[in-house]
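This report looks at a sheet, a helix that packs on it, and a residue in a loop.

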Amino acid sequence: MRKKLLSLVLATTMMFSLVACGTEKEPQNNGTTNDSEKENTNNSKDSDTITIWAWDESFNIPAANAAAEVYKKEHADVTVNVVTMAQDDIVAKLNTALSSGTYNGLPDIVLIEDYRIQGYLTAYPDEFADLSSIVSASDFAAYKTGVNQVDGKIYGVPFDSGVAALFYRKDIIEEAGYQEKDMQDLTWEKYIEIGKAVKEKCNVDWLTLDPSDLGQIRMMMQSAGAWYTDADGNVNIKDNEALAAAIKVYKDLMDAGFVKQVSDWNQFVGSFNNGDVASVFTGCWIAPSVKNAEDQSGKWAVASFPRMSNVSNSVNASSIGGAGWYVLKNVGHEKTAVDFLGKTFGSNADLMHQLGDEISLIPTLNAASDYSKKDDYFGGQDVAADLIGWTAKVPTVNYGQNTYAIEDIMTEALQEILNGADIKKTLASYHETIKAAIAQ
């Protein structure tokens, strides 16, 4: 029953594109073999051929290809096929194949989002290779290895940081009477105060929000080390102090009169590229999209994520998005695939620095935490070093197995609260609804 339920959840809950580090595209072969006739399958049992599945041709795919080039310098006999596939297609194909025990066509290495991996590791405990021999938890930012372990064993190599940050227009806040120093280590109350001044004095909205997407609430919860479920994976809604506080902040933002509501990725990006809003708080992966507006170069800066002042353990750091690399051990090339990850994403700081230059990767590999790169677009700020520093402070949480399934229901609760319903009473009511839905 658990596998059947997870199959339904993983196949039908799709991630809003704000969290995807780029646009997902239709499947195609981007392998380093450049064999246009090769199908997106992995039927060979040869130990010198491995296949990797990932999404995002501007981020994850170039990273996988760069890792393949590094590996082949010392393993010229190994062929690495890198295949582009939309994330929802990866989810559907993995879920169908693993639930049926059919491995024909599956990859050796697959990129899986941090929010989803606990569901896979729980439902399919015998399908993923133990990578404890090539990586240890101390090798990476703590919050990244907190999601890929079961019973003390590590099953994934963490990849990109989804560390959250506050991107803002320096010129506009200065016009409203504030300086860069006022944006450091903000509370949400201070953030709202500045936003009201921006709206009043500059007639510019402060941020965008999409009431159908709970990414903002997710970030606020993680800043306090909390989630929709507790450390043991049990539904934690009605007495969740951090969740209640995050929803209160969200409502305060919506009521402040400076929110531009959006409903899709294009509206979201267009709002700050067009100068309609003066700040963006989300994952570090938004930086390239911010920089699309070349006429705004030098006008932007980056600050740490705001904290909830009424939640004692909330800090100025959080995360949204990010993924890790996993080996499917029953496909047939486990040894080579594990070796590949160990010598590339699992340990190679030079590769991480290269990817920082090429795709603006913020590494979570501690050996690469010395990466530094001043950015003229952000006024010469060493954004990379700041983001890496905040990455180290992100609280570790257990994302559980049902984040997106829970959010499908929590979206309804949020709408009721925005329409005037009491926060505590609404959360108590939806606690039981969510428990019942997850237990089915």
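The text below takes the sheet, the helix and the loop residue in turn.

This is a predicted model, in which local features need pLDDT of at least 70 and side-chain atom pairs count only at pLDDT 80 or more, while totals for chains, interfaces and linings use all residues. Residues are numbered from 1 along each chain as its sequence is written, and side-chain values use heavy atoms, with hydrogens and water left out.

Three strands, paired antiparallel in the order E11-E8-E12, form an open sheet (strands, E, of at least two residues, and helices, H or I, of at least four, are DSSP runs numbered from the N terminus; two strands pair if DSSP finds at least two bridges between them). E11 and E12 are the edge strands, each pairing on one side only, and the twist averages 25° from one strand to the next. Five bridges join E8 to E11, and Leu 166 has Phe 281 in E11 as its bridge partner.

In helix H14 (residues 383-391), the buried residues (under 20% relative accessible area, 1.4 Å probe, protein chains only) are Val 383, Ala 384, Leu 387, Ile 388, Trp 390 and Thr 391. Seen down the axis of H14, these fall within an arc of 160° (taken from the directions from the helix axis to the C-beta atoms), so they line one face of the helix. They pack (heavy atoms within 4.5 Å) against the elements tabulated here.

| Element packed against by H14 | Residues |
|---|---|
| Helix H5 | 142-145 |
| Strand E8 | 164-169 |
| Strand E12 | 300-304 |

Ala 176 lies in the loop between helix H6 (170-175) and helix H7 (188-202), and is buried, with a relative accessible area of 2%. Leaving aside residues up to four places away in sequence, Ala 176 touches Ala 197, Val 198, Lys 201 and Cys 202.

Key. Buried < 20%, exposed > 50% of the residue type's maximum accessible area, 1.4 Å probe, protein only. Axes fitted to C-alpha atoms, helices over the stretch in contact; angles between N-to-C directions.
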